[in-house]
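Me: I would like to talk through the aromatic rings here and the reasons behind the labels they get. Could you take a look with me?

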Amino acid sequence: MADSADSPVETPESDKTLETQSDREIDSVPSEPPSTSGVADSPSKAKTNKIDILLKATGNAPIMKTKKWALDKDKKIGWIIDFIKKYLKLEPSESLFLYVNQAFAPAPDQIVRNIYDCYGSDGKLVLHYCKSQAWG
Amino acid sequence: MANDREVLREIWDGRVPVCFQLDSSEVNGLQAPDPYYLMVPRLSYFPLVTDKVRRHFQRYIHPDKHDAEMWVDFNGQPLKWHYPIGVLFDLHIPEISLPWCLTIHFDKFPEAELLHCSSREAVESYFMSCIKEADVLKHRSQVVSNMQKKDHNQLWLGLQNDKFDQFWAVNRKLMEVGSDETFKYIPFRLYQGDEPFIQRLVKPVTEEGQRKTLFQFLQEIYAENASKVKVTTHGVEPPSDTPLQWMSEHLSYPDNFLHLCVAF
């Protein structure tokens, strides 16, 4: 996994970067919520391993104020699920489901790169999240 | 596709002999349990075939651990329950002598390496999600979303109860194509050692409209290294001129993905 040496560069206001701490494993929930302010933003996606993910609420899930996040493609789906749960301040016991194409839920250990290569385009990947099973 | 039905049957009947042993450090008491031998279907998943194994070893472990989640390792490597058994076997072929000796654990769950599997429902929802994903790739999700709940159940029960006819009565709808048609994209996962598997968008036909062979597919993924790649699936090495579309229809696992183990 890549080192988290993202250099801080300016980005459009709506763009924030998911903090990439390479020592975070999918099954160990980050000890503190990824900071949503003053995080090292990195728009230099072309040369890095990053894509934009667009997180859309569905069903009864609360909406995230910031929907677009830059993310390292080597991250696992479970990392995004943990991130959203922290962001929305959900209890660890609450479920959160993440869907691709509003059709299927990838496994938490699936690598974002695989999902992006198949279902993303132009550096962007849309994911829907939900607090109950939406599309099976 | 139904012309090659005997291939489907052969694939379905694939079994591997397994010798399960309890981790010796988890034996509570003086008497160590006997190993437990089982022929397990390649196409199944460990949580679907290890109920008896669990019951066999349960009385030898510390009572506090009776309800703990059971997990399996081979040579110290935890085995992912959500990979089909045949994929796990093929991934470790060079190290395996038969029967395949696996160690059973009820303690020290490797959180960083394995997903939790609380029940068969966890396997079911993972399995169904794979089928849905495969149908997104093959038919833009058209077939699976037009199925009824009972069809979904039949796929799952067919796999769970090892009923070929029950499973294929529904699965054929997911595998059907007109005589000159192909799937839009081929659902596949490429495994190499401990690396995360690779998934890409690959069409079954070339830009000229020819059916792609396995070798052309490998060229697309591995470029000039394609000729060095050895592909194993269901314990066999398919010839490099096998059409990719045919492989998808006949050699896919019940989750509708081709699971190909590669070595260089």
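Me: Happy to start simply: are Phe83(A) and Tyr87(A) buried or exposed?

Reply: In this predicted model, Phe83(A) and Tyr87(A) are both buried.

Me: Why is the pair of Phe83(A) and Tyr87(A) called tilted?

Reply: Their ring centres are 6.2 Å apart, and a pair needs centres within 6.5 Å. The planes of Phe83(A) and Tyr87(A) stand at 45°, whereas stacked needs under 30 degrees and edge-to-face over 60, so the pair is tilted.

Me: What separates Phe83(A) and Tyr87(A) along helix 1 of chain A?

Reply: About one helical turn, because the two are four residues apart in that helix, which covers residues 77–87.

Me: Good, now to chain B. What makes Phe46(B) and Trp100(B) a tilted pair?

Reply: Their centres lie 6.2 Å apart, with planes at 45°. That angle is neither under 30 nor over 60 degrees, so the pair counts as tilted. The pair links distant parts of the chain: Phe46(B) belongs to helix 2 (residues 46–49) and Trp100(B) to strand 5 (residues 100–105), 54 residues apart.

Me: How do you know that Phe46(B) is buried?

Reply: Its relative accessible area is 4%, and buried means under 20%, so Phe46(B) qualifies. Trp100(B), at 0%, is buried too.

Me: Which residues form an aromatic cluster with Phe46(B) and Trp100(B)?

Reply: Phe20(B), Phe74(B) and Phe89(B) join them in one cluster.

Me: Lovely. Where does the charged end of Lys75(A) sit?

Reply: Over the ring of Trp79(A), 5.0 Å from its centre, and the cut-off for that distance is 6 Å. In chain B, the charged end of Lys138(B) sits over the ring of Phe183(B), 4.9 Å from its centre.

Technical notes:
Residues are numbered from 1 along each chain as its sequence is written. Chains are lettered from A and ligands numbered from 1 in the order in which they are written. This is a predicted model: local features need pLDDT of at least 70, side-chain atom pairs count only at pLDDT 80 or more; totals for chains, interfaces and linings use all residues. Side-chain values use heavy atoms; hydrogens and water are left out. Rings of Phe, Tyr and Trp (its six-membered ring) pair if their centres lie within 6.5 Å; planes under 30 degrees apart count as stacked, over 60 as edge-to-face and the rest as tilted. Buried means under 20% relative accessible area, exposed over 50%, partly exposed in between (1.4 Å probe, protein chains only). A charge sits over a ring if NZ of Lys or CZ of Arg is within 6 Å of the ring centre and within 35 degrees of the ring normal.
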